[in-house]
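These are my notebook entries on one structure, set down in the order in which I looked things up. The sequence and the model come first.

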Amino acid sequence: MKILVIGGSYFYGRVFVMLAAKEHEITVVNRGTYSVDGLGAKQLTGDRRDETFWQKLEEDYQVIVDFCGYESGDVAKVLGNYSGQVKQYIFISTVDVYRRGIVGRKTEDTPFETRTISGEAGAYIAGKTALEQEVAEVCRARNINYTILRPAILYGPYNYAPRESVFIQMAVQNHVLPQLTDADGRFQFTYVKDAAEAIGKCLLKEQTFGQAYNLCGEEILTYEEFFQCLIQVAEESIERISLTVEEAELRGLPLPFPVCASETELYSNEKSKEVLGVSYTPFSEGMKRTYKAFRNVYL
């Protein structure tokens with residue numbers, strides 16, 4: 001199968017390319033910041049918002065997988081200028097599109113967030129929400145099938161965003177981890193390989209056309225459970241430092257997951273399991289692999 005991947009050179013996209021290139025003909029479009037050399041994929045250097053780039057791309061692809069659509073117009077620029085044939089457009093969105101404050105686990109039918117949220121997070125949510133509608137409208141106009149995937153907090157090897165890797169670095173290099181005394185937020189993770197394999201399960205599958213799927217692991221974790229898991233998989237002896245959330249923030253310690261109960265947002269993964277057949281890696285196993293990968297970097 002010929003697959004065009006937009007932005008598939010960093011973390012989630014990179015893991016997908018690594019897996020998919022074993023079975024498919026993969027072409028990656030990115031700005032050249034990260035190379036895909038050695039991944040078995042062809043690389044095209046270009047900016048997704050450059051209309052002339054897409055006007056010059058005439059080759060047909062069976063599937064486009066879009067990892068880096070963030071602003072309204074990102075999908076329209078691609079499909080409005082690309083003259084090649086494509087059968088399916090897979091858009092990577094986020095569970096953050098759902099309305100906040102809803103009790104219980106959110107399903108794919110939960111209403112979207114329409115209120116204005118300030119800051120970068122708000123802009124990210126607004127962009128993904130607008131793009132989901134844009135994907136549907138543009139694909140219908142061009143008679144292209146589309147599928148939307150909404151992962152929760154992604155973790156795993158190659159994730160250099162300031163999330164789990166920050167704490168793994170602390171454990172490996174300093175042999176310490178915080179113990180947050182007043183953090184009662186809960187959250188769900190998605191192991192990146194599970195999310196990458198979910199894309200593979202959607203490729204030209206008719207039952208996925210026009211559908212969206214949450215991607216999230218089984219466990220609901222707190223900061224304390226997250227840190228306890230790190231301690232269990234670590235090869236170092238770890239000291240705990242008791243801190244309040246405020247003290248941690250004053251020290252510049254990143255707190256990338258919800259810290260209080262009022263920030264907790266939970267999601268259902270039933271549809272992805274039942275329809276796609278996704279099997280989620282237990283968090284302890286996924287973190288064991290992640291810790292091992294980053295330990296080699298930080299030693």
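**Entry 1: helix α5 and its surroundings**

I began just after α5, where H175 takes a positive phi of about 60°. The model is predicted: I required pLDDT of at least 70 for local features and 80 or more for side-chain atom pairs, while totals for chains, interfaces and linings use all residues. Residues are numbered from 1 along each chain as its sequence is written, and side-chain values use heavy atoms, with hydrogens and water left out. Helices (H or I, at least four residues) and strands (E, at least two) are DSSP runs, numbered from the N terminus.

I then asked how many residues of α5 are buried. I found 8 of its 11 residues buried, so α5 is largely enclosed by the rest of the structure. Here buried means under 20% relative accessible area, exposed over 50%, and partly exposed in between, with a 1.4 Å probe and protein chains only. I listed the buried residues as E164, S165, V166, F167, I168, M170, A171 and V172. They pack against β8, β9, α7 and α10, contact being defined as heavy atoms within 4.5 Å.

Ahead of α5, I looked at Y158 in the loop between β8 (153-155) and α5 (164-174). Its phi is near 80°, a positive value in a residue other than glycine. I noted Y158 as partly exposed because its relative accessibility is 35%.

**Entry 2: helix α4 and the residue after it**

I turned to α4, which runs over residues 119-141 and has 23 residues. From first C-alpha to last it reaches 33 Å, close to the 33 Å expected at 1.5 Å a residue; the expected span is 1.5 Å times one less than the number of residues.

Which residues of α4 are buried? I recorded G122, I125, G127, K128, T129, L131, E132, E134, V135, A136, V138 and C139. Their packing partners are α3 (74-81), β5 (88-92) and β7 (145-151).

N143 follows α4 and sits in the loop between α4 and β7. It has a positive phi of about 60° although it is not a glycine. I noted N143 as exposed, since its relative accessible area is 72%.

**Entry 3: two helix pairs**

Two packed helices are described by the angle between their axes and the distance between the axes. I took axes as lines fitted to C-alpha atoms, for helices over the stretch in contact, with angles running from 0 to 180 degrees between N-to-C directions.

I looked first at α7 (residues 223-233) and α10 (residues 283-298), which pack at an angle of about 60° with their axes 9 Å apart. That angle makes α7 oblique to α10. Angles under 35 degrees count as roughly parallel, over 145 as roughly antiparallel, 65 to 115 as roughly perpendicular and the rest as oblique. The crossing of α7 and α10 is right-handed; a crossing is right-handed if the near helix is turned clockwise from the far one by less than a right angle, and left-handed if anticlockwise. From α7, F226, C229, L230 and V233 meet F283, S284, M287, K288 and Y291 of α10. By class, this contact has 7 nonpolar, 1 polar and 1 charged residues. Ala, Val, Leu, Ile, Met, Phe, Trp, Tyr, Cys and Pro count as nonpolar, Asp, Glu, Lys and Arg as charged, and the others, Gly among them, as polar.

I then examined α1 (residues 12-20) and α6 (residues 192-200), whose axes come within 9 Å and cross at roughly 60°. I therefore recorded α1 as oblique to α6. Their crossing is right-handed. Y12, V15, F16 and L19 of α1 meet V192, K193, A195, A196, E197, I199 and G200 of α6. I counted 8 nonpolar, 1 polar and 2 charged residues in this contact.

**Entry 4: a buried loop glycine**

I looked up G185 in the loop between β9 (176-180) and β10 (189-191). Is G185 buried or exposed? It counts as buried, at 0% relative accessibility. G185 and C260 are 75 residues apart in sequence and 3.9 Å apart in space, C-alpha to C-alpha. Not counting residues up to four places away in sequence, G185 touches L221, T222, Y223, P258, V259, C260, A261 and T264.
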